[in-house]
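I opened the notebook to look for enclosed empty space. The entries below record what I looked up.

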Amino acid sequence: MVSKRLSREVGHRRKFLAIVDETPECERAVAYASRRAQSTGGVLVLLFVIEPTDFQQWFGVEKIMREEANAAATAALDAAARRVREQIGIEPELVVREGEPAEEIHRLIEEDQDIAILVLAAGAAKEGPGPLVSSIAGKGAAFPIPVTVVPLNLSDEDIESLA
């Protein structure tokens, strides 16, 4: 169960959450979410989730890997935010979390009661649409807010007309 959404209350704005990662479809999700935020007077939240490493017994190695992962996350978020600023003209909120992606998305949605829409993009690989989109169909893994799934093959013009 999700806590009450506050995005329609006075002093709050509806937030669109998009996940930034190394997948090709991530850019489509960010493009759609940023256009929706702009057209509705909402806010764009970009989340990068650093997945846990297996080097916990080697503290020095883990520390270096964690620093590198944080630097990569920050760089990916900064690049996505720069594109949003240049193309759409809005300033996104940037969030970095560490953990399992679906769990961290759930946590962020629960903590930020203005997040009202999760925007994901479906990949075109033969392995399937991607782990997050697949988790929506999985038992018990559904997200507690509406999810918009954007096809990878939508052009900027298509997204502009739909958002």
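My notes start with the model, then go to the cavity and one helix.

This is a predicted model: local features need pLDDT of at least 70, side-chain atom pairs count only at pLDDT 80 or more, and totals for chains, interfaces and linings use all residues. Residues are numbered from 1 along each chain as its sequence is written, and side-chain values use heavy atoms, without hydrogens or water.

I read the fold first. The pattern along the sequence is β-α-β-α-β-α-β-α-β-α. Helices (H or I, at least four residues) and strands (E, at least two) are DSSP runs, numbered from the N terminus.

Next I searched the whole structure for cavities and found one of 30 Å³ or more. A cavity here is a set of points on a 1 Å grid over the protein atoms alone where a 1.4 Å probe fits but cannot get out; lining residues have an atom within 4 Å of a point. Points are joined across faces, edges and corners, and the volume is the space filled by probe spheres set on them. The volume came to about 120 Å³.

Which helix gives the most to the lining? I found α1, with five residues. α2 (59-87) and α5 (156-162) each supply at least two. The lining includes Glu27, Arg83 and Asp156.

I then checked α1 (26-40). Its 15 residues should span 21 Å at 1.5 Å a residue (times one less than the residue count). The end C-alpha atoms are 21 Å apart, which agrees. Just after α1, Gly41 has a positive phi of about 70°.

How values were computed: On a 1 Å grid over the protein atoms alone, a cavity is a set of points where a 1.4 Å probe fits but cannot get out, and a pocket is an open set with protein on both sides within 12 Å along at least five of seven lines; lining residues have an atom within 4 Å of a point.
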